[in-house]
Amino acid sequence: QQRVTVIGAGLAGSEAAWQLAKRGIQVDLYEMRPVRKTPAHHTDQFAELVCSNSLRANGLQNAVGVLKEEMRTLDSLILKAADTASVPAGGALAVDRHDFAGFVTDTLKNHPNVTVHNEEITAIPDGIVIMATGPLTSPDLSASLKAFTGEDYLYFYDAAAPILDGETIDRDKVYLKSRYDKGEAAYLNCPMTEEEFDLFYDELVKAEVVPLKEFEKEIYFEGCMPFEVLAQRGKKTLLFGPMKPVGLEDPKTGKRPHAVVQLRQDNSAGTLFNLVGFQTHLKWGEQKRILQLIPGLENAEIVRYGVMHRNTFINSPSLLKPTYQARTRDTLFFAGQMTGVEGYVESAASGLLAGINAAKLIAGEDLVVLPRETMLGSMAHYITTTDGKHFQPMNANFGLVPSLEDAPQKMKKQERYERYANRALETIQQYKEI
Ligand code: FAD
């Protein structure tokens, strides 16, 4: 029988190895730690949580809570470990990180179908392979990846602007227009008076930022300035930069606002929008506070906060199929943060699907693409169909799932989310035995 090589025993690789092993497939699991270290991991355990010990919300009114429930339905090792090692954390699922990683490591090391190799892989191997080496993929393997993807399709850091749920933008205050009316009207514009801009500016320059880690400082030198750093150079830097109002006169009044924040559609369904030029590493609470000062965004829901950090990831819209296979090589799967999903749970979730699909490939069965009504399916859909030119990694969120067909125009957010959750969990039940 064919074996599968899984590279990286992090959140994604561990889950993928488990899904294969439990289906009777022999797995060679390669993990370079402790032989080679990353700048963020501290132990030699599998599925080490490099930062927070929280796997975020557990409740079903939250997209990542629904994702977890879907993963439990599909017998996820990472969720089993998390539920076993959980510590009290209100509505969140937080874990004792040593117990959590210990559970994953012991389960895989003791599994008769898993052979563990503590070795660094430096080139993409032949055979059936799952690449799951994460945001801190080692340099030699990154070079081999770059040769596979092409120079322009592999990124080493993530400098992302916040992304908003389109249904929470106040459409009475914003208007659709492209600068100088060039091409199709493609942007939502939030106009600001001088007074509104001054208040926004004063709050922005005092806002708190997340300090960059030592190994992340190079990001600034790559020429991608956060907007709060631009703001420190003076009001004009913003007014002549990302908030430039020229060519964006308000169609209702014909007047040019003092400043404009532009929102760009982020997914093909038009349910998500990102803030153009607003890459940021403000603290999350601060992002929320500052964005609410923008007309039209007073009640906007941020589905993915802006970040700036080291992150090796590929341009999945150009390179991957929703089965997590490379478009140009069916035997090569990608999983985890490197596919452009963002977060511990999301990384494990993509590993789960990549593992199931690698098993299906060996069995000669049809590979699985889950419906977009599920969080698992909606994430795979997003990373493989979104606009590749502006690709940013993404958390699980309800902006990714199709809208409710029969919902009234103004439905309470909580009710909408509850219906999304019920629909996802009913759908995933049909895939319990895949
Ligand atoms: P990892 O869990 O990093 O696993 C990849 C594994 O591959 C590692 O064990 C690594 O040693 C190994 N490896 C790398 N190169 C090779 C090679 N050439 N050969 C063999 N093995 C190799 N997400 C959150 O949800 N919450 C957080 O608090 C959070 N904090 C983060 C902090 C930092 C500093 C970083 C970088 C990321 C953070 N993330 C966080 C994002 C992300 O969810 C995690 O990085 C997550 O661990 C990604 O899972 P993964 O399986 O893709 O990669």
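The following exercises, each with a worked solution, concern a predicted model of a protein with a bound ligand.

**Exercise 1. The ligand site**

Task: Determine which residues are closest to the ligand, which polar contacts are made by Ser138, Gly343 and Tyr344, and how much of the ligand the protein covers.

Solution:
- Step 1. The ligand is surrounded by 30 residues, and the closest are Glu31, Ile121, Ser138, Gln337 and Gly343.
- Step 2. Ser138 places a polar side-chain atom 2.8 Å from a ligand nitrogen atom. Gly343 contributes a backbone N or O atom, 3.2 Å from an oxygen atom of the ligand. For Tyr344, a backbone N or O atom is found 2.8 Å from an oxygen atom of the ligand. The three distances count as polar contacts because the cut-off for a pair of N or O atoms is 3.5 Å.
- Step 3. On its own the ligand has 980 Å² of accessible area, of which the protein covers 94%.
- Step 4. Two or more residues of the shell come from each of the elements α1 (11-21) and α12 (344-363).
- Step 5. Sorted by class, the shell holds 13 nonpolar, 13 polar and four charged residues.

**Exercise 2. The second largest pocket and the largest cavity**

Task: Describe the volume and the lining of the second largest pocket, then those of the largest cavity.

Solution:
- Step 1. The volume of the second largest pocket is about 710 Å³. Its lining comprises 21 residues, and those closest to the centre are Glu167, Thr168, Ile169, Gln409 and Lys410.
- Step 2. This pocket lining consists of six nonpolar, six polar and nine charged residues.
- Step 3. Rolling a probe the size of a water molecule over the atoms reveals where space is left empty. The whole structure contains three cavities of 30 Å³ or more, and the largest cavity has a volume of about 70 Å³.
- Step 4. Among the residues that line the largest cavity are Asn267, Arg372, His381, Tyr382 and Leu400. By class, this lining has three nonpolar residues, six polar and one charged.

**Exercise 3. An aromatic pair**

Task: Classify the geometry of the pair formed by Tyr417 and Tyr420, and locate both residues.

Solution:
- Step 1. An aromatic pair is described by the distance between the ring centres and the angle between the planes. There are nine aromatic pairs in the whole structure.
- Step 2. The rings of Tyr417 and Tyr420 are 6.4 Å apart centre to centre, with 25 degrees between the planes. The pair is stacked, because planes under 30 degrees apart are classed in that way.
- Step 3. Both tyrosines belong to helix α14 (residues 413-429), where Tyr417 and Tyr420 are three residues apart, about one turn of the helix.

**Exercise 4. Backbone geometry between β2 and β3**

Task: Identify what is notable in the backbone at Pro34 and at Ala47, and state where these residues lie.

Solution:
- Step 1. Most peptide bonds are trans, and most residues other than glycine have a negative phi.
- Step 2. The Arg33 to Pro34 peptide bond is cis, with omega near 0 degrees.
- Step 3. Ala47 is a residue other than glycine with a positive phi, near 50 degrees.
- Step 4. Pro34 lies in the loop between β2 (27-30) and β3 (54-57), and Ala47 is likewise in the loop between β2 and β3.

Notes
Residues are numbered from 1 along each chain as its sequence is written. This is a predicted model: local features need pLDDT of at least 70, side-chain atom pairs count only at pLDDT 80 or more; totals for chains, interfaces and linings use all residues. Side-chain values use heavy atoms; hydrogens and water are left out. A residue is near a molecule or strand if one of its heavy atoms lies within 4 Å of it. A polar contact is a pair of N or O atoms within 3.5 Å; within protein, one must be able to donate a hydrogen and the other to accept it, and residues adjacent in sequence count only if both atoms are side-chain atoms. Accessible areas come from the Shrake-Rupley method with a 1.4 Å probe; for residues, only the protein chains shown count as cover. Helices (H or I, at least four residues) and strands (E, at least two) are DSSP runs, numbered from the N terminus. Ala, Val, Leu, Ile, Met, Phe, Trp, Tyr, Cys and Pro count as nonpolar, Asp, Glu, Lys and Arg as charged, and the others, Gly among them, as polar. On a 1 Å grid over the protein atoms alone, a cavity is a set of points where a 1.4 Å probe fits but cannot get out, and a pocket is an open set with protein on both sides within 12 Å along at least five of seven lines; lining residues have an atom within 4 Å of a point. Grid points are joined across faces, edges and corners, and a volume is the space filled by probe spheres set on the points. Rings of Phe, Tyr and Trp (its six-membered ring) pair if their centres lie within 6.5 Å; planes under 30 degrees apart count as stacked, over 60 as edge-to-face and the rest as tilted.
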